[in-house]
Amino acid sequence: MYACNYLETGFLNILRGTAFTAPSRCWLALYLNDPGETGAAGTEAAYSGYKRMAITFSAPASMNSGIGIQNLSEITFATPADAVGTITHIGILDSQTGGNMLARGELTEPLMIGANQPPVFLVGDVMFYLTGEISNAYKTRLLNIFRGQSISGVTPHHSLWNGSPEAGGAELSGDNYARCRLTFSAPAEQASGQLLIQNSLAVSYNRPSTEWGVWNWSAIYSAATGGEPIFIQQRSEDVVIKRGYMPAIAAGAVKLGLN
């Protein structure tokens, strides 16, 4: 499944200080075509008795080299009196009618619905998992949106690391070291359909009076000290932060997205 614009916008705006309020319940919908990034492009099933069905997800856990969730119970839609057609996509929405689409996906095998054949999804049939640069902590927070758990807005800070903070790495340290506060632009849709934010202002670290160490990973943290990593990115090359060398982050150099 893929994140839709509503989920992407809500999550990315966390880094702009805006909380993402989770829906109290999520609903599974059936589509005869791809509903698109907003859900508006889809033709939802509409036979007599059809309605979106409530879906309850498992706690986030390791899945397909990432962190994922899946439906905890079997879901059976109403039985149609006549043939409905072929269901090719599903969507997860925050309301039984109308509402916002959080995620959508194409079925592994199209589901042909004939007369008197209720659509059924077995336990584990509906999966949504995240890979990529989002930290495991925030993959978990994002997926818990589907389980009714909201996410608070943060004040994001850029930090320098030797090794990934999720794999035993160490944050650089030394005289004058401090994380840099970042300000992000509003999410903007790219040609691919993905939404991105980028840092709107250039920032510079303090000038080291002692060597800080080797910088080979960057992490966007939720606070100036402590907190949790939100995004983690490996650098293309190592840089030794020596005495007098002042690391700088140009405007637009940090681009973050979800898909």
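Colleague: Over how many bridges do β2 and strand β7 (residues 85-93) pair?

Modeller: This is a predicted model. In it, β2 and β7 pair in the antiparallel sense. Tryptophan 27 stands opposite leucine 93 in β7. The number of bridges between β2 and β7 is five.

Colleague: Which residue in β3 stands opposite cysteine 26?

Modeller: Strand β3 covers residues 53-55 and runs antiparallel to β2. Three bridges join these two strands. Opposite cysteine 26 stands isoleucine 55.

Colleague: Are the faces of β2 covered or uncovered?

Modeller: Take one side: Cys26, Leu28 and Leu30 are buried. On the other side, Trp27, Ala29 and Tyr31 are buried too. For the strand, residues 26-31, that gives six of six buried. Both faces are covered.

Colleague: How far is lysine 139 from the nearest side chain of opposite charge?

Modeller: Lysine 139 is found in helix α2, residues 136-143. This lysine is buried. A salt bridge needs a side-chain nitrogen within 4 Å of a carboxyl oxygen, and lysine 139 has none. The nearest side chain of opposite charge, glutamate 166, is away by 5.7 Å.

Colleague: Which residue has its backbone oxygen 3.2 Å from a polar atom of the lysine 139 side chain?

Modeller: Leave aside the neighbours within four places in sequence. The contacts of lysine 139 are then Ile67, Leu130, Thr131, Gly132 and Ile134. The backbone oxygen at 3.2 Å belongs to glycine 132.

Colleague: Why is helix α1 (residues 5-12) largely enclosed by the rest of the structure?

Modeller: Look at the residues of α1. The buried ones are Asn5, Leu7, Glu8, Gly10, Phe11 and Leu12. Helix α1 is largely enclosed because, of its eight residues, the number buried is six.

Colleague: Which strands are the edges of the open sheet with the order β14-β15-β20?

Modeller: The sheet has three strands, with antiparallel pairing. An edge strand here pairs on one side only. The edges are β14 (188-189) and β20 (255-258).

Colleague: What angle does the direction of α1 make with that of β15?

Modeller: Start with the sheet. Strand β15, residues 195-198, is joined to β20 by four bridges, and leucine 195 stands opposite leucine 258 in β20. Helix α1 packs on this sheet and touches β14, β15 and β20. The angle between the directions of α1 and β15 is about 15°.

Conventions. Residues are numbered from 1 along each chain as its sequence is written. This is a predicted model: local features need pLDDT of at least 70, side-chain atom pairs count only at pLDDT 80 or more; totals for chains, interfaces and linings use all residues. Side-chain values use heavy atoms; hydrogens and water are left out. Buried means under 20% relative accessible area, exposed over 50%, partly exposed in between (1.4 Å probe, protein chains only). Two strands pair if DSSP finds at least two bridges between them. Lys and Arg count as positive and Asp and Glu as negative; His and the chain ends are not counted. A polar contact is a pair of N or O atoms within 3.5 Å; within protein, one must be able to donate a hydrogen and the other to accept it, and residues adjacent in sequence count only if both atoms are side-chain atoms. Contact means heavy atoms within 4.5 Å. Axes are lines fitted to C-alpha atoms, for helices over the stretch in contact, and angles run from 0 to 180 degrees between N-to-C directions.
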